[in-house]
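User: I would like to go through this protein model with you, beginning with its overall form and then turning to its interior.

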Amino acid sequence: MDSLRLGMLLPGGRPVGDGINHAQRAPVLTRQGEVMAIVKELPLYELITEILCALLGRDFNLPIPEPLLVIDPAQQLLVAGSVDVGYPSLHQPVLAAHLPLIAALLQGWPALVRSACFDEWIANPDRHGGNLLFDGQGFWLIDHGLALRVDPATVTVNHLMTTAIAARTDELARQRLKREVTQIYASYTDDLLLAAEQIIATADILNAAIPLNQGLHFLRRRWLALNSMTALRIRTTQGDLDYGH
């Protein structure tokens, strides 16, 4: 699992988006050099959630920008950051005019099912077009601060899973999807959570222990409910059969 880079916010940032967290694109100085980043002010629980989810998702080789923990010296507080990958969100006008084509590309995106499963695990209800970046061929996942909020057994909105299911129009395809989803969930292990916990603890984030423990507890409980959620989401007329690949 990646380590968590620490950085210092430098002058010269410019506002981006229209969210309530005062996001800005700004230079950040790290030990490895200066990088352009998207930084935003978040309550502590959201900050920990953002970092935890990014670390876990990247460990599954999902296209998630590298998270950064950034010190804002002007306000003397920690802010969440991520390396700016430079791609527009689906809310940008240049892409909004081509949404039918982009929707078709999303249905055929190789990482769609893995990304949908990840959103299911973290209970992310916020995967709208503003939280999907398009690089011309595939998509990047951003903004996970609203995850880990509900009761772990709650079936939440999952836009990517809905898209994946809609692309499977026959019984055989849905059975295969159900099997694929189940196999992905089986790869979620406690070792991953322990590794993420160690990385965040090593960063020595002030007062992080309680929200971090809450997030880890949520993910462990949520994991137990994932297969039941799959049966509810992916409706098939037959029992689960081993169709192979």
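The questions and answers below take up the overall form, then the surface and the nonpolar cores.

User: What radius of gyration does the protein have, and what would a compact globule have?

Analyst: This is a predicted model, and its protein has eight helices and eight strands. Along the principal axes, the C-alpha trace spans about 60 × 40 × 30 Å. Because a compact globule with 245 residues would have a radius of gyration near 18 Å, the value for the protein agrees with that expectation, at 19 Å.

User: How much of the area that the protein exposes is supplied by carbon and sulfur atoms?

Analyst: Buried residues, meaning those under 20% relative accessible area, make up 46% of the 245 residues. The protein exposes about 12300 Å², and the share supplied by carbon and sulfur atoms is 56%.

User: Which helix gives the largest share of the largest nonpolar core?

Analyst: In soluble globular proteins, nonpolar side chains tend to be buried together. Here the largest nonpolar core holds 60 residues, and those touching the most other members are Leu 56, Phe 118, Trp 121, Tyr 188, Ile 205 and Leu 219. The largest share of this core, eight residues, comes from residues 44–59, which form helix 1.

User: Which residues does Ile 205 touch, leaving out those up to four places away in sequence?

Analyst: Ile 205 is among the residues of the largest nonpolar core that touch the most other members. With those sequence neighbours left out, the residues that Ile 205 touches are Leu 44, Leu 47, Ile 48, Ile 51, Leu 69, Leu 78 and Ile 200.

How values were computed:
Residues numbered from 1 in each chain as written. Predicted model: local features only at pLDDT ≥ 70, side-chain atom pairs only at ≥ 80, totals over all residues. Heavy atoms only, no water. Helix = DSSP H or I, 4+ residues; strand = E, 2+ residues; numbered from the N terminus. Rg over C-alpha atoms; globule rule 2.2 N^0.38 Å. Buried < 20%, exposed > 50% of the residue type's maximum accessible area, 1.4 Å probe, protein only. Areas by Shrake-Rupley, 256 points an atom, 1.4 Å probe, with all protein chains shown as cover. Core = buried A, V, L, I, M, F, W, Y, C linked by side-chain atoms within 4.5 Å. Contact = heavy atoms within 4.5 Å.
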